[in-house]
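Grab a pencil and work through these exercises with the model open beside you. Each one comes with a worked solution.

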Amino acid sequence: MFCKGLKPGGLGQKSEKTMLYFNRCQHLKQITQRCFSSIHVKTNKYVQLILSRTFALAELRKSWHSTHTLVGDKNIVLMGPPGAGKTTIGRIIGQKLGCCVIDVDNDILEKTWNMSVSEKLQEVGNEQFLEEEGKAVLNFSASGSVISLTGSNPMHDASMWHLKKNGIIVYLDVPLIDIINRLKSMKINRIVGQNFGTPMKDLLAFRRQYYKKWYDARVFCESGASPEEVADKVLNAVKRYQNVDSETFISTRHIWPKNCKQKNSTKFFSEAVIEGLASDGGLFVPEKEFPKLSSGEWKGLVGATYIERAQILLEKCIHPADIPAARLGEMIETAYGKNFACSRIAPVRHLSGNQFILELFHGPTGSFKDLSLQLMPHLFAHCILPNCNYMILVATSGDTGSAVLNGFSHLNSNDKKRIAVVTFFPENGVSDFQKAQIIGSQKENGWAVGVKSDFDFCQTAVKRIFNDSDFTGFLTVEYGTVLSSANSINWGRLLPQVIYHASAYLDLVSQGFISFGSPVDVCIPTGNFGNILAAVYAKLMGIPIRKFICASNQNHVLTDFIKTGHYDLRERKLVQTFSPAIDILKSSNLERHLHLMANKDGQLMTKLFNQLEDQCHFQIEKILVEKLQQDFVADWCSEEDCLAAINSTYNASGYILDPHTAVAKVVADRMQDKTCPVIVSSTAHYSKFSPAIMQALKIKEINQTSSSQLYLLSSYNALPPPHGALLERTKQQEKMECQVCSADVNVLKSHVERLIQKQFM
């Protein structure tokens with residue numbers, strides 16, 4: 001049936017993109033209002049412009065729901081390879097919605113040409129066929145219909161823009177093996193673009209680049225799924241796409257008024273990323289449950305690449321109103337395409353027995369932080385508002401500093417003019433190599449400041465700066481600059497870490513060590529609780545993790561808490577260890593996990609963490625302790641045991657553990673019952689800690705320079721191989737300097753203001 005209706009463009013692409021932009025502008029309105037409630041200054045022209053723009057944008061959001069009903073004037077456009085079932089699924093959806101169904105092959109092309117598609121292809125050849133097909137599509141219009149495309153439509157740009165103006169394009173991502181089997185059963189042995197001798201599998205893989213370019217929503221189809229099941233998934237995907245208010249975030253300390261759901265207290269993903277820390281001092285978390293994949297969907301990812309896994313999972317966690325799927329895919333490919341020394345990004349290596357090492361150090365700065373901080377800057381840059389500058393404040397215990405400076409240095413030149421980074425690190429609390437790496441990573445939009453204190457002070461100081469409304473308001477009004485964060489307190493930094501925990505499990509399935517559904521344990525060296533929390537989120541999405549093993553060094557406040565439910569910092573001093581990245585006493589992301597366990601009780605979180613701030617301790621109730629211990633076990637490792645583990649592992653397998661991974665291995669050896677595999681997170685390359693490694697391996701030449709130590713270790717032909725980027729860093733060590741300041745929040749503020757003046761004024 002051919003249906004001709006309204007011409008495309010009534011709710012065209014331009015208005016839709018503008019709407020998505022409007023949605024992201026809400027947070028600046030709130031920031032500006034906070035500024036004026038706390039600081040009495042004359043409203044300058046800049047602020048008047050921002051106020052008028054943001055108030056107008058708030059009103060426009062109201063029109064979304066009135067114009068985006070299922071289906072309304074929009075078309076549902078089904079896109080996918082030949083054999084994806086578009087025609088059948090389109091008919092089912094049309095019946096469910098009672099709307100017109102258009103099959104491009106039958107209702108447009110063949111009626112326009114008065115011949116079959118195969119005859120036309122044979123007559124004009126591949127290239128001319130695409131042009132003729134595109135022209136035919138450009139000459140039709142429809143609204144409120146279900147349109148099933150041909151497999152080759154997405155290869156013609158003009159016609160796809162025409163369809164996209166008044167349609168929601170849904171990509172039917174069907175397993176390749178299902179496609180090939182269906183084409184065989186349909187006795188189709190040639191499709192558009194296929195020259196004789198070109199395998200069907202190769203052509204279908206080539207086509208994927210075009211499908212990825214156009215879709216608004218993806219339906220990730222399980223192998224063997226029925227057309228009815230896929231049709232239901234399409235309808236759910238369209239509903240999600242249209243319901244921009246469906247996925248919001250709240251503060252861990254948010255308290256809902258009785259019998260009232262105040263939606264203005266929630267944030268969208270883009271707002272949570274830009275603001276970093278909630279205004280009440282809490283951390284942003286999803287208001288609703290994490291999206292969960294079915295067993296069939298997970299099995300469909302077993303043979304996928306890391307980039308493909310990342311896109312599927314992040315699409316489920318980030319609403320397209322915040323970041324459209326096609327743009328998200330571009331960011332993921334940019335982040336993980338060329339910046340990692342290993343093409344598998346985060347490979348899993350069998351160590352011995354039931355132990356596996358998840359290698360998270362193949363990024364440009366040699367630590368697990370790269371897995372999120374190569375992506376997070378692109379997420380951040382997409383979400384920022386026009387006419388506003390952003391200063392990212394970062395506290396680092398060693399690895400975050402260089403990773404965040406490196407990640408934000410890869411932004412395009414326009415974004416770097418508007419986004420700058422300052423990282424505060426404990427001047428004497430990181431390894432010599434880490435310090436040199438942080439200082440050497442300074443770029444035109446990134447600076448390092450050493451602080452004469454420890455990481456806990458740096459992290460607490462950054463939080464206090466965020467919560468100082470007088471200071472943040474002054475920066476917004478005076479310099480047009482908003483503060484944000486790139487620590488794991490920022491949701492945009494934490495979310496990408498979920499991917500590698502899921503990917504590690506899928507790799508074990510792919511390599512034949514387990515079948516999908518078999519449980520595993522994970523053991524993670526833990527300080528700020530972000531890495532292990534990301535594993536918890538992976539479990540919520542459907543990865544069958546049995547136990548989370550929390551591994552501490554001599555700063556074992558988390559281990560004590562998991563065993564007792566008492567978080568106690570009284571008379572506890574931070575100890576410097578061989579594993580400085582987990583030399584942390586105040587664990588920020590623990591608040592997110594307690595909030596999850598306590599059924600999102602914001603009042604309890606406010607009470608506990610205010611008590612921690614005021615009295616340096618808190619105790620959770622017995623029922624929460626029991627709930628925590630159902631999933632978590634914990635222990636800690638001494639310095640002597642850490643070095644011994646590095647030595648024994650090298651002698652047994654030729655593999656060198658960095659000190660953080662050694663801490664995790666010691667704890668895994670003690671706590672894991674060996675009834676299932678345990679994945680040990682290796683969070684950094686050993687090259688960053690060469691003095692400790694040389695001491696562990698009893699190498700006599702320990703008093704060399706760090707670069708000499710690094711080259712000496714690389715001559716051992718150990719596993720993992722030397723880290724190329726870290727070796728290059730030692731060659732390029734022109735003497736760079738950084739500022740050093742006292743442990744005073746006001747001094748840190750003055751540094752922030754001076755750097756804002758330097759970058760933006």
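**Exercise 1.** How many salt bridges does a search of the whole structure find?

*Solution.* This is a predicted model, and searching all of it turns up 31 salt bridges. Let's look at some of them.

**Exercise 2.** Take the salt bridge between Lys212 and Glu333, and work out which helices hold the two residues.

*Solution.* Start with the contact: the side chains meet at 2.8 Å, N to O. Next, place the partners: Lys212 sits in helix H11 and Glu333 in helix H16 (residues 325–337), 121 residues apart. Now check exposure. Lys212 has 31% relative accessibility, so it counts as partly exposed. Glu333, at 35%, is partly exposed too.

**Exercise 3.** Check whether the length of helix H11 fits its residue count.

*Solution.* H11 runs over residues 200–214, which is 15 residues. At 1.5 Å a residue, the expected span is 21 Å. The end C-alpha atoms are 22 Å apart, so the two agree. As for its buried side, the residues are Met200, Leu203, Leu204, Arg207, Tyr211 and Trp214. They pack against strands S1 and S4 and helices H9 and H10.

**Exercise 4.** Are Arg253 and Glu591 buried or exposed?

*Solution.* First, the pair: their side chains form a salt bridge at 2.8 Å, N to O. Arg253 is in the loop between strand S6 and helix H13, while Glu591 is in helix H28, 338 residues apart. Both residues are buried.

**Exercise 5.** Compare the exposure of Arg546 and Asp521.

*Solution.* The closest N and O atoms of this salt bridge are 2.7 Å apart. Arg546 is partly exposed at 27%, whereas Asp521, at 2%, counts as buried.

Definitions and conventions: Residues are numbered from 1 along each chain as its sequence is written. This is a predicted model: local features need pLDDT of at least 70, side-chain atom pairs count only at pLDDT 80 or more; totals for chains, interfaces and linings use all residues. Side-chain values use heavy atoms; hydrogens and water are left out. Helices (H or I, at least four residues) and strands (E, at least two) are DSSP runs, numbered from the N terminus. The expected span of a helix is 1.5 Å times one less than its number of residues. Buried means under 20% relative accessible area, exposed over 50%, partly exposed in between (1.4 Å probe, protein chains only). Contact means heavy atoms within 4.5 Å. A salt bridge is a side-chain nitrogen of Lys or Arg within 4 Å of a carboxyl oxygen of Asp or Glu.
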